[in-house]
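Hi there,

Here is the structure I promised to pass on to you. Have a look at it first, and my notes follow underneath.

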Amino acid sequence: MLPWKRVIRPLAALLLAAAALTGPTATGAHASAAPAGGGWNDYSCEPPAAHPRPVVLVHGTFGNSIDNWLGLAPYLQRRGYCVFSLDYGQLPGVPLFHGLGPIEKSAEQLDAFVDKVLAATGTAEVDLVGHSQGGLMPRHYLKFLGGADEVNALVGIAPSNHGTTLGGLTRLLPYFPGAEHLLNEATPALAQQVVGSGFLTRLNEGGDTVPGVRYTVIATQYDQVVTPYRSQYLNGPNVRNVLLQDLCPLDPSEHLAVGLLDRIAFHEVANALDPARATPTTCASVVS
């Protein structure tokens, strides 16, 4: 890396974080569109005509329904969406850090949660936005649990769609006897996201997508968790794969930042949820 890049990337990261904390407040039309309760998971929220589908946020591995969405949930609320989030993949005796249980079981939890949101809001479909495993797990729900009938769009932020090598570290597992077995037993979802896992083979067999659902993948070239980052992309109809650095070359976000605080990524999420009203995503979107 050239010396100037060592300066530019940290500086850009600082600006992104500052913008996430000091971005536009809910004023004017945005404020009136937000749920009366002020927080997300407001089951009295009535989706407005402009955004008729509730948005369900699906956290990533080691995440939870609150911490993962302290940036994006309010961002979408200010734009008039009814926003909900769930906890899934809990392990006994492990508080706060979720998304660790078998992904098939987590997909069943998502199925039940979507049914609850649909019943509360009186809508026929939701849109899903997931970070990391949260972009992968819903695909099991869509493909095997009938979710395609209840979902209009899936937006994956740095999703582990085709697994990860963790920068090549997963290739070392065979050299540590018992490590792979321990991974499978203790944290099934981690093992299932390794490149070549049985779960991923079944999920991707016959195609990445299902009819009737729009897919968007938002990736960053600096992702150090889901590697290589191009493995996040989906193939199939109704798919749009987006690299953040194609929209803003200065965006320095890695795997966590892209889901937690990157307003450039958030702007592209909003575009994916409402393509008819999409506006260009650029570096200036950090203050949109």
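Let me start with Tyr43, which sits in the loop that runs between α2 (28–33) and β1. Please keep in mind that this is a predicted model. Tyr43 counts as partly exposed because its relative accessibility is 29%, and the partly exposed class lies between 20% and 50%. Setting aside residues up to four places away in sequence, Tyr43 touches Phe84, Phe113, Lys116, Val117 and Ala120. One of these partners, Lys116, is 73 residues from Tyr43 in sequence, yet the two C-alpha atoms are 9.2 Å apart in space.

Next comes the surface. Phe62, Leu96 and Phe97 make up a nonpolar patch there, and together they have about 340 Å² of accessible area. Phe62 belongs to the loop between β1 (55–58) and α3 (72–78). With a relative accessibility of 45%, Phe62 is classed as partly exposed. So β1 borders both loops mentioned up to this point: the one with Tyr43 and the one with Phe62, by the DSSP runs used to number strands.

The last spot is Thr227, in the loop between β5 (214–219) and β6 (239–243). Is Thr227 buried or exposed? Its relative accessibility is 10%, so Thr227 counts as buried, the cut-off for that class being under 20%. Beyond its neighbours within four places in sequence, Thr227 is in contact with Gly163, Thr164, Thr165, Leu166 and Gly167.

Happy browsing, and best wishes!

Key. Residues are numbered from 1 along each chain as its sequence is written. This is a predicted model: local features need pLDDT of at least 70, side-chain atom pairs count only at pLDDT 80 or more; totals for chains, interfaces and linings use all residues. Side-chain values use heavy atoms; hydrogens and water are left out. Patches are made of residues with over 30% relative accessible area and no salt bridge: like charges are joined within 9 Å, nonpolar side chains (Val, Leu, Ile, Met, Phe, Trp, Tyr) within 5 Å. Accessible areas come from the Shrake-Rupley method with a 1.4 Å probe; for residues, only the protein chains shown count as cover. A salt bridge is a side-chain nitrogen of Lys or Arg within 4 Å of a carboxyl oxygen of Asp or Glu. Helices (H or I, at least four residues) and strands (E, at least two) are DSSP runs, numbered from the N terminus. Buried means under 20% relative accessible area, exposed over 50%, partly exposed in between (1.4 Å probe, protein chains only). Contact means heavy atoms within 4.5 Å.
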